[in-house]
Amino acid sequence: MAYYRCSRVLFLLTIFNIFSISAYAEYPNRYIKIINPIPSGSSDLVCRIVGKKLSERVNQQVVIENVPGAHGNIAKQSLLNSAGDGYTLLFVPGNLFTVNPFFYKEDIDYRNFVPIVAIGKISNVMVVPSSLNISTIEKFNEYARNNNVNYASSGIGSSLHISALMYEKIFNIKMQHIPYVSPMQAMIDTVANRIQVIFHLIPVVQQNIENGKLTGLMILDSKKSSSLPKIPTSYDLGYNELQSYAWYFLMAPKDTPKTIINKLYNEVNLILRDEGFLNTAKKIGLNVLGGDDQFIDYMIVEETKKYKNLLSNISK
């Protein structure tokens, strides 16, 4: 009798595993939802490009669900409450995990989720209103030491904010921070000279640089921008420590099966090598990454270390 019960249990476990493997092999067989915590600016742009390409790859609809607010924590909580079945993912800028803990006590920890794949990074570019007639950082620094200067950001802890804090520290300059809800409105007010400088992400300001409304002084990176190659980098100007960017990756609930994580990783990496995607990436200044969970872990650790000295004295 005991042998019969044992055999029956093994049989049922075998059937369960067969059905589980089959279910994962068929993944996805319905639409995938990608939670988007920043539904504006460069983050939103890259999220929607990746979502569209993923839909084409897996032959299923990919829905982008905008979940803004609470410095990304509402979006994180939404993923935390989701089933680990591969049908709910989070597209996230790295600063929501590397910078937020220095500003917000109630931040949801990175280790509550599983990273899937790194998408890419976009550099910040320092721009001023062209009406200021400033063409170099030396002239800007002189102006900033003799005038009240407002700088805009898309919120506390954003790459725009962190870039300005780094700049203030390196050049011993004090500016007034004006946080905006909308990155686009911040750019509009910079064009109008209500804001004197902004360290924006390239795609948001690129058109206004090209049409002469904004002047780009410096790309905050060691590598030239493919979309704005004429603007010098911080490395070119001798300030290699002044590097700032937004980088993006996909995450899933922690209990998501490895089979599904691997499938998503492989599909997204095929997207990142697609000629059409690469052409789009070049136009918007997106440097493609494609790293796995270990690479993302490394980026999180190293970026947190980088910002520790800059941000550790900021009160929460």
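The lining of the largest pocket in this predicted model divides into 17 nonpolar and 15 polar residues, with no charged residue among them. This pocket encloses about 610 Å³ of space, and of the 32 residues that line the pocket, Ile38, Ser154, Gly155, Ser158 and Val181 are the closest to its centre. Two or more lining residues are given by each of helix H2 (41-58), helix H4 (95-98), helix H7, strand S7 (197-201) and strand S9 (245-253), and the largest share, three residues, comes from H2.

The second largest pocket, with a volume of about 250 Å³, has a lining of seven nonpolar, one polar and five charged residues. Its 13 lining residues include Phe97, Asp109, Tyr110, Arg111 and Ile300, which lie nearest the centre of the pocket, while helix H12 gives the most to the lining, with four residues. Ile300 is itself found in helix H12; because its relative accessibility is 8%, below the 20% limit, Ile300 counts as buried. When neighbours within four places in sequence are left aside, Ile300 is in contact with Gly94, Phe97, Thr98, Tyr110, Trp247 and Phe249. Ile300 also lies 9.7 Å from Val99, C-alpha to C-alpha, although the two are 201 residues apart in sequence.

Enclosed space was examined in turn, and the count comes to two cavities of 30 Å³ or more. The largest cavity holds about 50 Å³ of space and is lined by Ser123, Ile202, Ile219, Asp221, Lys223, Lys224, Ser225, Ser226, Gly285 and Asn287, a set that divides into two nonpolar, five polar and three charged residues. The second largest cavity, with a volume of about 30 Å³, is lined by Asn95, Val99, Ser159, Ile162, Ser244, Tyr245, Glu303 and Tyr307. Helix H7 (159-171) and helix H12 (293-311) are the elements that give two or more residues to this lining, which by class has four nonpolar, three polar and one charged residues. Helix H12 thus recurs in the description of the voids, as the element that gives the most to the lining of the second largest pocket and as one of the elements that give two or more residues to the lining of the second largest cavity.

In soluble globular proteins, nonpolar side chains tend to be buried together. In the present model, the largest nonpolar core has 51 residues, of which Ile34, Val46 and Ile119 touch the most other members, and strand S4 (residues 113-129) gives the most to this core, with seven residues. The surroundings of Ile34, apart from neighbours within four places in sequence, consist of contacts with Cys47, Gly51, Leu54, Val62, Val63, Ile64, Glu65, Leu89, Phe91 and Leu250. A second, separate core of 30 residues includes Tyr104, Val128, Met218 and Tyr307; Tyr307 is also one of the residues that line the second largest cavity.

With regard to the confidence of the prediction, the protein chain averages a pLDDT of 90, and 91% of the residues score at least 70. Residues 11-21, by contrast, form a stretch over which pLDDT stays under 50, and for this stretch the model has zero contacts beyond four places in sequence.

How values were computed. Residues numbered from 1 in each chain as written. Predicted model: local features only at pLDDT ≥ 70, side-chain atom pairs only at ≥ 80, totals over all residues. Heavy atoms only, no water. Core = buried A, V, L, I, M, F, W, Y, C linked by side-chain atoms within 4.5 Å. Buried < 20%, exposed > 50% of the residue type's maximum accessible area, 1.4 Å probe, protein only. Contact = heavy atoms within 4.5 Å. 1 Å grid on protein atoms, 1.4 Å probe; cavity = no way out; pocket = protein on both sides within 12 Å on 5 of 7 lines; lining within 4 Å. Points joined across faces, edges and corners; volume = space filled by probe spheres on them. Nonpolar A, V, L, I, M, F, W, Y, C, P; charged D, E, K, R; others polar. pLDDT = per-residue confidence, 0-100.
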